[in-house]
Amino acid sequence: MMRLPRFRYLAPRKLSEAAAALADLGTQASVLAGGTDLLPNMKRRQQTPATLVGLREIRALRARSGDPGSGMTLGALTRLSEIEHDSAIAANWPALAQAAASVATPPLRNMGTLGGNLCLDTRCSYYDQGPEWRAAIGYCMKKDGEICWVAPGSPRCWAVTSTDTAPVLCALGAEVTLVSAQGERRIPVEDLFADDGIEHLTKKPGEILSAVHLQKPTPDARSTYVKLRRRGSFDFPVLGIAASARLRADGTVEEARIFLSGTGSRPTNAAEAVAFLAGRKLTDEDVLREAAESIAHVARPLQNTDFSMSWRKQAAREFAARALRNLLP
Amino acid sequence: MDLVPLTTPSREKLRLAFTVNGEPRDLVVESYKTLLEVLREDLGLTGTKHGCELGECGACAVILDGELVLSCLVAAVECPGRSATTVEGLRQGPELHPLQQCFADHGAAQCGYCTPGMLVAAKWLLDRNPRATRGEIAEALSGQICRCTGYLQIFDAVEAAGRTLRGEPAPAPLLPSVHRGSTNGR
């Protein structure tokens with residue numbers, strides 16, 4: 001049986017108190033939201049914070065403001081199941097509702113939060129293991145060790161971003177607010193992530209992700225999220241494709257944004273596919289196929305999640321085509 | 001509500017006053033424990049099962065403040081003042097809950113290890129949606145793994161319990177799906 005390691009627990013009721021605690025404790029502390037990512041990692045001793053700063057008493061983090069007509073702000077503690085079942089979100093930012101509905105399982109979506117899903121620890125088959133397993137291989141550079149077992153010559157960690165909502169919020173051009181004892185800043189979700197399996201967030205240890213801001217959708221906006229995984233429930237994405245686009249009535253792409261999950265340490269921007277699609281008709285099967293090929297080209301899998309790499313490469317083409325077809329009315 | 005103080009030093013005991021199956025409980029537990037560990041070890045409520053302990057199996061599901069959650073991933077320090085319902089709370093006096101009766105009638109338990117989580121998840125569903133369709137039942141139970149039944153008898157049992165709870169007569173005969181030539185290899 002795996003017990004949680006001992007920890008000190010703080011239950012601030014205000015965001016400023018939480019920020020002050022983090023400023024004081026630095027990297028010795030972690031914030032605790034839904035707990036569905038942090039607590040398993042603590043049980044496996046992948047993360048061993050001395051102090052947990054529980055956010056659940058902070059009402060401001062559950063607040064919602066705005067509406068589809070002006071853009072909407074969701075508090076970071078908004079639960080994934082709330083997003084999944086929200087008709088305004090489903091109507092205006094369908095990819096976000098689809099992504100939230102595809103995370104893990106119903107009880108985990110009742111617990112897990114939007115902020116927590118964005119800050120999800122990167123995953124790797126050499127890292128997401130119990131302490132004995134990791135000890136047996138001499139650990140890896142992400143925790144307690146020196147080398148990366150995925151690419152032993154590599155100076156960096158290749159653990160994989162596995163969040164479903166991050167690629168969607170990148171594709172939707174959403175922003176997040178980060179609050180610290182020094183004040184707050186608002187950045188595009190895209191800039192929240194760094195290309196490193198260990199330092200995968202640009203959020204500083206003293207910062208708390210407090211809210212997500214969704215842009216007002218234009219009338220011609222379309223968005224979708226498709227997810228490749230072994231089972232239809234539980235599993236993290238082996239490949240997640242989030243796409244948003246503005247389409248003319250004849251299917252011509254005015255503008256598109258496409259981001260992938262599960263293919264690198266940060267959400268991957270399929271910029272070449274996006275540039276190719278601009279001004280072309282998505283209704284043209286040859287255009288759609290070529291764009292799908294381009295998306296699959298940046299979905300470079302590593303041997304540290306599920307399925308074989310060659311199969312994943314083949315599947316990426318089909319899933320990319322599926323995502324693009326979903327954008328058509 | 002007796003809130004957790006702003007500084008709970010580690011290695012200290014936690015005073016936990018909360019409601020379990022409608023009864024107020026006030027106890028002192030190790031502060032690193034999960035809700036699952038408190039239920040089983042401190043309250044003797046062993047109906048809720050220890051499975052993977054990582055959120056990957058659903059055996060430890062309970063209803064906490066009206067939401068289906070996994071008790072292995074709820075820290076006890078976050079439970080003061082809250083209200084939990086476990087599988088032991090389904091029964092009303094000497095009577096089994098219709099879900100429990102229907103699970104027995106339909107052979108919805110084989111080894112039985114997943115059964116408490118299945119029952120609690122199904123109760124959470126039927127409380128919110130008494131007219132749940134088979135598809136909605138499958139979706140609601142998609143966080144609970146069963147390695148014995150192939151799920152079909154479980155879905156049958158939840159459908160039947162839904163009918164009982166709605167006061168509809170049970171269609172006769174009550175036979176598990178596997179006997180109807182389903183995909184389960186029989």
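Two residues are taken to be in contact if their C-beta atoms, placed from the backbone, lie within 7 Å. The views below show a predicted model.

**View 1. The two domains of chain B and the contact between them.** Chain B is divided into domain 1, residues 13-89, and domain 2, residues 98-180. Between the C-alpha centres of domain 1 of chain B and domain 2 of chain B the distance is 24 Å. The contact between these domains involves 12 residues of domain 1 of chain B and 11 residues of domain 2 of chain B. On the domain 1 side, strand β3 of chain B (residues 61-64) contributes the largest share, 3 residues. The side of domain 1 of chain B that touches domain 2 of chain B has 8 nonpolar, 3 polar and 1 charged residues.

**View 2. The side of chain A that touches chain B.** Here 27 residues of chain A are in contact with 30 residues of chain B. At least two residues of the chain A side come from each of β1 (8-10), α2 (38-43) and α6 (106-111) of chain A. Helix α6(A) gives the most, with 5 residues. By class, the side of chain A that touches chain B has 16 nonpolar, 6 polar and 5 charged residues.

**View 3. An open sheet of 5 strands in chain A.** The strands follow the order β4-β5-β8-β6-β7 of chain A, and their pairing is antiparallel. Strands β4 (64-67) and β7 (183-188) of chain A each have a single partner strand, so one side of each is left without a neighbour in the sheet. Direction ignored, neighbouring strands of this sheet are turned by 20° against each other on average. Strands of a sheet pair through backbone hydrogen bonds, in a parallel or an antiparallel manner.

**View 4. The pairing of β6 with β7 and the helix across the sheet, chain A.** Strand β6 of chain A (residues 175-180) runs antiparallel to β7(A), and 6 bridges join the two. Within this pairing, A:E175 has A:P188 of β7(A) as its bridge partner. Helix α1 of chain A (residues 15-25) lies across β6 and β8 (208-214) of chain A, and runs at about 130° to β8(A).

**View 5. Helix α11 of chain A and its packing partners.** Helix α11 of chain A (residues 285-298) has 14 residues, which at 1.5 Å a residue should span 20 Å. The end C-alpha atoms of α11(A) are 20 Å apart, which agrees with the expected span. In α11(A), the residues A:L288, A:A291, A:A292, A:S294, A:I295 and A:A296 are buried. The buried residues of α11(A) pack against two strands, β10 (239-247) and β11 (253-261) of chain A, and against two helices, α10 (271-277) and α12 (309-327) of chain A.

**View 6. Two residues with positive phi, A:A104 and B:N21.** Although A:A104 is not a glycine, its phi is positive, at about 45°. A:A104 is placed in the loop between α5 (94-102) and α6 of chain A. Because 23 other C-beta atoms lie within 10 Å, A:A104 counts as buried, the cut-off being 20 or more. B:N21, likewise not a glycine, has a positive phi of about 50°. B:N21 is found in the loop between β1 (13-20) and β2 (23-30) of chain B. With 19 other C-beta atoms within 10 Å, B:N21 is partly exposed.

Definitions and conventions
Residues are numbered from 1 along each chain as its sequence is written. Chains are lettered from A and ligands numbered from 1 in the order in which they are written. This is a predicted model: local features need pLDDT of at least 70, side-chain atom pairs count only at pLDDT 80 or more; totals for chains, interfaces and linings use all residues. Domain bounds come from an automatic or database domain assignment. Helices (H or I, at least four residues) and strands (E, at least two) are DSSP runs, numbered from the N terminus. Ala, Val, Leu, Ile, Met, Phe, Trp, Tyr, Cys and Pro count as nonpolar, Asp, Glu, Lys and Arg as charged, and the others, Gly among them, as polar. Two strands pair if DSSP finds at least two bridges between them. Axes are lines fitted to C-alpha atoms, for helices over the stretch in contact, and angles run from 0 to 180 degrees between N-to-C directions. A residue is buried if 20 or more other C-beta atoms lie within 10 Å of its own, exposed if 12 or fewer, and partly exposed in between; C-beta atoms are placed from the backbone. The expected span of a helix is 1.5 Å times one less than its number of residues.
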